Structure formats: C-alpha cells, structure tokens
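The following note sets out some points on the ligand surroundings and on the packing of helices. Please read the points alongside the model.

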Amino acid sequence: MREVDAVIAQRLSSHVALINQISAYIVHAGGKRMRPKLVLMFANALGHDHPHSRELAAVVEFIHTATLLHDDVVDESALRRGKQTANALFGNAASVLVGDFLYSRAFQMMVSVDRMRVLEILAEATNVIAEGEVLQLLNMHDPDLLVSDYLQVIRFKTAKLFEASARLGAVLANAAPEQEEAAATYGRAIGTAFQLIDDVLDYEGDSTALGKNVGDDLREGKPTLPLLAAMERGTEEERTLIRHAIEHGELDKLAEVIAIVRRTGALEI
Ligand code: GRG
C-alpha cells in the first residue's frame, strides 16, 4: 500500500493551495484503503503486476474520498476517521468543491490507464453511488420502507465501489468474463456486508447503546435497519406500534420498541 500512497501523494497536487491543504487533510486522515486493496488483490491474484494497478488503486481512493467529502456535507457530520470533518474545519462550500476536484482528478488519471472499459466501469459506478445517496434521502423518513429497500441503498451507495474495485483488478489482468464477474460478485458481497455491520455496530456498543440509538431513531423519525428488521419480523401489533412510534417520535414507547428489537433478533443480520 506504500506504493499506492506514493501515487496518491504525487497526484494530489493543485495550483490552488487550499485544494492541496484540504485534499491532503482528508486523504491522509487514516482511511483503511479497502477499495485500493481490492484492486491490487484481484490484479495480483490474476497475474497483473503493472504500475497501472497502483494508478487505479489511487483512482478508487480519490473517488471514495470525494464521496466522503460530499456525504459529510449532506449529513452535516462533525467527525470522520476520528478527526474533525473537512466541512467542520473548512466549511461546506470548500468541502464540496474539493470533492469535485478529487473526482475530476480521478477521471483524469483514468485516461492515463487508457482502457475504455475502466472508464465505463467507474463512470457507471459513480452514477449508481449518487443514485444510492438520492434514494437514501428519499427513504430517510419513510416508515413503509422495507429491509429490501434499505439493502438496495447500500448496494448502490457502498457496495458498488467495492464491486467496481474488484472488477477493475480483474479487468487489468485481462481476466476471462467469468473471472471478472466472480471478482465483481465478491466485491459486492463484501461491500454489502461491510455496510450492514457498520450500520448495526453502534447499537451494540455497550448496555446503553441500543436504548440510546433507538431513542435517537424515534426522535428523528428514522426507520433504521434494526427498526425495519424488527417490523418485518414482529407481529402485526408490534409492527403497528413501531411504525406509529417512528411517525410520531413517541419516546414513551422506547422500552417496548427495544423489547421487540431484542425479541425478534433484529440486530442479527
Ligand atoms: C462524488 C460521485 C460522487 C457522489 C457523491 C454523497 C455521495 C454522492 C455518496 C456518499 C456515499 C457514501 C459515503 C457511502 C458510504 C461509504 C462508506 C462505507 C464509507 C466508509 O468507508 P471506510 O470505512 O472509510 O472504508 P475509510 O475512512 O476507511 O476510508
């Protein structure tokens, strides 16, 4: 990964000092580099060892970072990777614009790889990521949401870039179509699993975590995964109780909702 980090550092440069400052801040803030690792893992496993794989590994990290910058503005988040978000430090406008810079730099770098298929995969993936975010926005307060709707959002907003990263590794190695599809399936599965776990981990932190988080969900009228799963697994009466509690922010129903989440095993996904 050191070689990919070197490409990242080298390609970050802009003529505008603020762009360098913000992009360096976020790119070096301690991300796990999971998507670049997928590119390299599949490229190497299928016999490709060429600088193009490092370049593309950096490309997917730039795209990922652009989506994080935009996402933190949309969610008005204050913390990312254990540090203050770029929007908290530099403001929303600068964060969105540096996201645009990283996104367009990623496409500029892709051109140097000179493979139409690469452009096609990442153009489609970023389209789907944006669709996922818009769907999430539309679903956010919909109490009729189904677990399947939630899964569609995470396949779009998160799993798609994992899928594209694994697929790119296979494409660079000139893999056979069935190998490329197998890589894509792996990426999609691991990306979906990653987001599912991320979404329920907060609810299991300690003995107070479940109550605190379900309380926040009811207060904000948000049908999150544990509540959706509890509604789908509960009785008709339980479903109505949770739905009503979400729609009306009924915190006096908190203990009953938590009991249903526990009884239905809604955190066991
Ligand atoms: C710029 C094309 C474009 C779209 C913007 C806002 C938006 C549309 C998309 C946001 C998508 C998003 C943030 C999905 C969640 C992805 C996710 C699981 C982030 C956390 O990933 P980690 O844990 O992060 O891999 P690190 O910090 O390790 O890099």
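1. For the composition of the ligand shell, Ala, Val, Leu, Ile, Met, Phe, Trp, Tyr, Cys and Pro count as nonpolar, Asp, Glu, Lys and Arg as charged, and the others, Gly among them, as polar. On that basis, the shell around the ligand in this predicted model holds seven nonpolar, seven polar and six charged residues.

2. Around the ligand there are 20 residues, of which Gly31, Lys32, Thr67, His70 and Asp71 come nearest.

3. At least two residues of the shell are supplied by each of helix 4 (51-74), helix 6 (92-113), helix 7 (116-139), helix 8 (147-172) and helix 9 (177-201). Helix 4 provides the largest share, with six residues.

4. Helix 4 also packs against helix 7, at an angle of about 15° and with the axes 12 Å apart. Since angles under 35 degrees count as roughly parallel, helix 4 and helix 7 are therefore roughly parallel to each other. The crossing of helix 4 past helix 7 is right-handed. To this contact helix 4 brings Leu56, Ile63, Thr67 and Val74, while helix 7 brings Val118, Leu122, Thr126, Ile129 and Glu133. Its residues divide by class into six nonpolar, two polar and one charged. Thr67 takes part in this contact and is also one of the residues that come nearest to the ligand.

5. Helix 8 and helix 9 pack with their axes 7 Å apart, at an angle of about 145°. Helix 8 passes helix 9 in a crossing that is right-handed. In the contact of helix 8 with helix 9 there are twelve nonpolar, eight polar and five charged residues.

Technical notes:
Residues numbered from 1 in each chain as written. Predicted model: local features only at pLDDT ≥ 70, side-chain atom pairs only at ≥ 80, totals over all residues. Near = placed C-beta within 6 Å. Helix = DSSP H or I, 4+ residues; strand = E, 2+ residues; numbered from the N terminus. Axes fitted to C-alpha atoms, helices over the stretch in contact; angles between N-to-C directions. Left-handed = near helix turned anticlockwise from the far one by under 90°. Parallel < 35°, antiparallel > 145°, perpendicular 65-115°, else oblique. Contact = placed C-beta atoms within 7 Å.
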